[in-house]
Amino acid sequence: MSKTTPYLLPAEWAPQCAVMLTWPHGHGDWQPYLARVEPVFVEIARHICRFEKLLITCFDDEHQRHIQQRLNQADVDPSRVRFHIVESDDTWVRDHGPITVYQNGRPVLLDFIFNGWGNKFDAQLDNEISGKLHTQGAFGKTPMEHIDLILEGGGIEVDGQGTLLATSRCLLAPTRNPQLSKAQTEAKLAELFGLKRVLWLDNGYLAGDDTDSHIDTLARFCDANTITYVACDDPADEHYPELKAMEEELKAFRTLDGKPYRLVPLPWPEAKHNERGKRLPASYANFLIINGAVLVPTYEDPADAIALERLKGCFPGREIVDVPCLPLILQYGSLHCVTMQLPRGVI
């Protein structure tokens, strides 16, 4: 890739023009849970459309008509929604959608390779979605660069000032980019996102997670000086040693001007399991920041209220919106995983 001026990846709280959803359908893994998960997508869509536009990827014409009917029933403003038809394997647009950077103040879409979190799942259709949407004009005249690097949006977290937070377990996984060393990975990310540094977490995971510890399930920037993170206070829980070690790593990090971060622990919900007894990755860190609001996943759990209250303190001036997401974790992801923001200027 050749470019004359550097790219800059904005923080999620930067102004947005829209959010993307890839709607669930009966052709993939959501089929057994479709009746349970669709209402969650309707709620996410309804709240997004209160604040900004929504771009929905549908499987086919019939699927689009079905989604329009569901949104009409929920009184979603149709003028806020754009539909595009592209076949998909799954719904995790955070990981198959484009990552938007700015160059000379103008947006550029970066289309990375998505390989199903290290070839765990078939992702051929999902890997093609961003390019097909671009060809259809979904992003207006915003240019798109196809990047020969395996990377998912859920694996990176930035403060918009040159710091990227990530887990070594994910970004350095041998199933992602084995040809790159840690130093080479840092250099590549710095080039693509306008970074000054990468803060690596070597600890932290969630049982049931397929992503090799995506950062957006564990720790998130709320502003350039504040990180909120998943904390476990139960020594009997399998996560306790790893999450305590992750907490110590976060305490050792410093802001760009050398100060400790303001760290806000998020509560630990009771263990959630599927019908086969497998533990599910319920995380309050998987929230979505949009214009004027933060959409927070909740899990019908006593800890929900605590999580909402703590995040309210992290985002003064933004409405904190509770979105029940228990059905989403049946496929091992949550609210942030099924959304991708498009910063101002894309459409």
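User: Which residues does Arg36 touch, not counting residues up to four places away in sequence?

Analyst: This is a predicted model, in which local features need pLDDT of at least 70 and side-chain atom pairs count only at pLDDT 80 or more, while totals for chains, interfaces and linings use all residues. Residues are numbered from 1 along each chain as its sequence is written, and side-chain values use heavy atoms, with hydrogens and water left out. A contact means heavy atoms within 4.5 Å, and when residues up to four places away in sequence are not counted, Arg36 touches Pro327 and Leu330.

User: Is Arg36 buried, partly exposed or exposed?

Analyst: Arg36 is found in helix α1, which covers residues 34-51; helices (H or I, at least four residues) and strands (E, at least two) are DSSP runs, numbered from the N terminus. A residue is called buried under 20% relative accessible area, exposed over 50%, and partly exposed in between, with a 1.4 Å probe and protein chains only. The relative accessible area of Arg36 is 49%, so Arg36 is partly exposed.

User: How far apart are the C-alpha atoms of Arg36 and Thr175?

Analyst: Along the chain, Arg36 and Thr175 are 139 residues apart. In space, the distance that separates their C-alpha atoms is 32 Å.

User: Is the chain as compact as a globular protein of its length, or less so, and what is its radius of gyration?

Analyst: The chain has 9 helices and 18 strands. The radius of gyration is taken over C-alpha atoms, and the globule rule is 2.2 Å times the number of residues to the power 0.38. For 347 residues that rule gives 20 Å, and the chain is close to this value, so it is as compact as a globular protein of that length, with a radius of gyration of 19 Å.

User: What share of the residues in the chain is buried?

Analyst: One example of a buried residue is Thr57, whose relative accessible area is 1% and whose place is in strand β2, residues 53-58. Not counting residues up to four places away in sequence, Thr57 touches several residues, among them Trp23, His84 and Leu133. Over the 347 residues in the chain, the buried share is 59%.

User: How many disulfides does the structure hold?

Analyst: A disulfide is a pair of cysteine sulfur atoms within 2.5 Å. The sulfur of Cys17 has its closest cysteine sulfur in Cys49, 13 Å away, which is too far for a bond, and the sulfur of Cys58 likewise has its closest cysteine sulfur in Cys49, at 13 Å, again too far for a bond. Both are buried, Cys17 with a relative accessible area of 13% and Cys58 with one of 1%. The number of disulfides in the structure is 0.

User: Which residue in helix α4 counts as exposed, at 60% relative accessibility?

Analyst: Most residues other than glycine have a negative phi. Trp117, although not a glycine, has a positive phi of about 55°, and phi of Asn119 is also positive, near 65°. Trp117 lies in helix α4, residues 116-119, and counts as buried because its relative accessibility is 9%. Asn119 has its place in helix α4 too, and the residue that counts as exposed, at 60% relative accessibility, is Asn119.
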